[in-house]
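Open the model in a viewer and keep the sequence panel visible. The stops below are given in the order in which to select them.

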Amino acid sequence: MKQLTKAEEEIMQTLWLLKKANVKSIIAMLPEPKPAYNTVSTIVRILESKGFVNYEKKGKGHVYFPIVAKESYSNQSINKLVDNYFQGSFKSMVSFFVQKNDVDVKDIEVLLDEINKNKPQ
């Protein structure tokens, strides 16, 4: 799976939220200052060429929808982050966030509960 630019990821986040949308609807969901219609249209076509979105014709326009699940992309991005910055060690990544971001003890307990729930028996 290809990596997305910040602008492409912002459009994908919007499409994952909306499920299906035309360019005008995507722009309406983006924060100010709104990008130009042509900019969003170009990014959506790039996402299509990268295999992240597809479209169906509706009248004179197109309605776009994601064909890559948010969870799949998130998983790939997190794995790449762990590999590139923490030598593939999830423990090192968690340790980094604990040291740098004042992680609360309750947050750690919630993480431990999740780990224990998902641990193979």
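A residue is called buried under 20% relative accessible area, exposed over 50%, and partly exposed in between. By that scale Phe96, at 35% relative accessibility, counts as partly exposed. This is a predicted model, so every value in the tour is computed from predicted coordinates.

**Stop 1: the domains**

Colour residues 6–66 as domain 1 and residues 70–118 as domain 2, following the domain assignment of the protein. The C-alpha centres of domain 1 and domain 2 are 30 Å apart.

**Stop 2: the hairpin**

Select residues 53–58, strand S1, together with residues 61–66, strand S2; the two strands run antiparallel and are joined by 6 bridges. Which residue of S2 is the bridge partner of Asn54? Asn54 is partnered by Phe65. Between the strands of this hairpin there are 2 residues. Click on Gly59 in the hairpin and check the backbone: Gly59 has a positive phi near 65°.

**Stop 3: Lys20, with Phe65 and Glu56**

Stay on Phe65 and add Lys20 to the selection. The charged end of Lys20 sits over the Phe65 ring, 5.7 Å from the ring centre. Now add Glu56, whose side chain meets that of Lys20 in a salt bridge with an N to O distance of 3.2 Å. This pair links distant parts of the chain, with Glu56 in strand S1 and Lys20 in the loop between H1 and helix H2 (23–29), 36 residues apart. Glu56 is partly exposed, with a relative accessible area of 33%. Lys20 also counts as partly exposed, at 45% relative accessibility.

**Stop 4: Glu8 and Lys50**

Move to helix H1 (residues 6–18) and select Glu8 there. Is Glu8 buried or exposed? Its relative accessible area is 5%, so Glu8 is buried. Leaving out residues up to four places away in sequence, Glu8 touches Gln3, Ile43, Ile46, Leu47 and Lys50. With Lys50, the side chain of Glu8 forms a salt bridge, 2.7 Å from N to O. Lys50 lies in the loop between H3 and S1 and Glu8 in helix H1, so the pair ties together parts that are 42 residues apart in sequence. Unlike the buried Glu8, Lys50 is partly exposed, with a relative accessible area of 23%.

**Stop 5: Phe52 and its surroundings**

Go next to Phe52, which is found in the loop between H3 and S1. At 1% relative accessibility, Phe52 counts as buried. To place Phe52 relative to the previous stop, draw a distance to Glu8: their C-alpha atoms are separated by 9.8 Å, although the two residues are 44 residues apart along the chain.

Show the contacts of Phe52, leaving aside neighbours within four places in sequence. Among them are Met1, Lys2, Leu4, Met12 and Leu47. The contacts also include Phe65, Pro66, Ile67, Val68 and Tyr73.

**Stop 6: aromatic pairs**

How many aromatic pairs does a search of the whole structure find? The search finds 5. Start with Phe52 and Tyr73: their ring centres are 5.7 Å apart and their planes are at 80°, so the pair is edge-to-face. The pair links distant parts of the chain, since Phe52 is in the loop between helix H3 (37–49) and S1 and Tyr73 is in helix H4 (residues 70–85), 21 residues apart. Both Phe52 and Tyr73 are buried. Add Trp16 to the selection to show one aromatic cluster made of Trp16, Phe52 and Tyr73.

Then select Phe96 and Phe97, an edge-to-face pair with 5.3 Å from centre to centre and 80° between the planes. Phe97, at 34% relative accessibility, counts as partly exposed, and so does Phe96 at 35%.

**Stop 7: the last salt bridge on the tour**

The count of salt bridges comes to 3. One of them joins Glu114 and Lys117, with the closest N and O atoms 3.3 Å apart. Select helix H6 (residues 105–118) to see this pair: Glu114 and Lys117 are 3 residues apart in the helix, so about one helical turn separates them. Glu114 counts as partly exposed, at 37% relative accessibility, whereas Lys117 counts as exposed, at 62%.

Definitions and conventions: Residues numbered from 1 in each chain as written. Predicted model: local features only at pLDDT ≥ 70, side-chain atom pairs only at ≥ 80, totals over all residues. Heavy atoms only, no water. Pairing = 2+ DSSP bridges. Helix = DSSP H or I, 4+ residues; strand = E, 2+ residues; numbered from the N terminus. Domains from an automatic or database assignment. Buried < 20%, exposed > 50% of the residue type's maximum accessible area, 1.4 Å probe, protein only. Contact = heavy atoms within 4.5 Å. Phe/Tyr/Trp six-rings, centres within 6.5 Å; stacked < 30°, edge-to-face > 60°. Lys NZ or Arg CZ within 6 Å of the ring centre and 35° of its normal. Salt bridge = Lys/Arg side-chain N within 4 Å of Asp/Glu carboxyl O.
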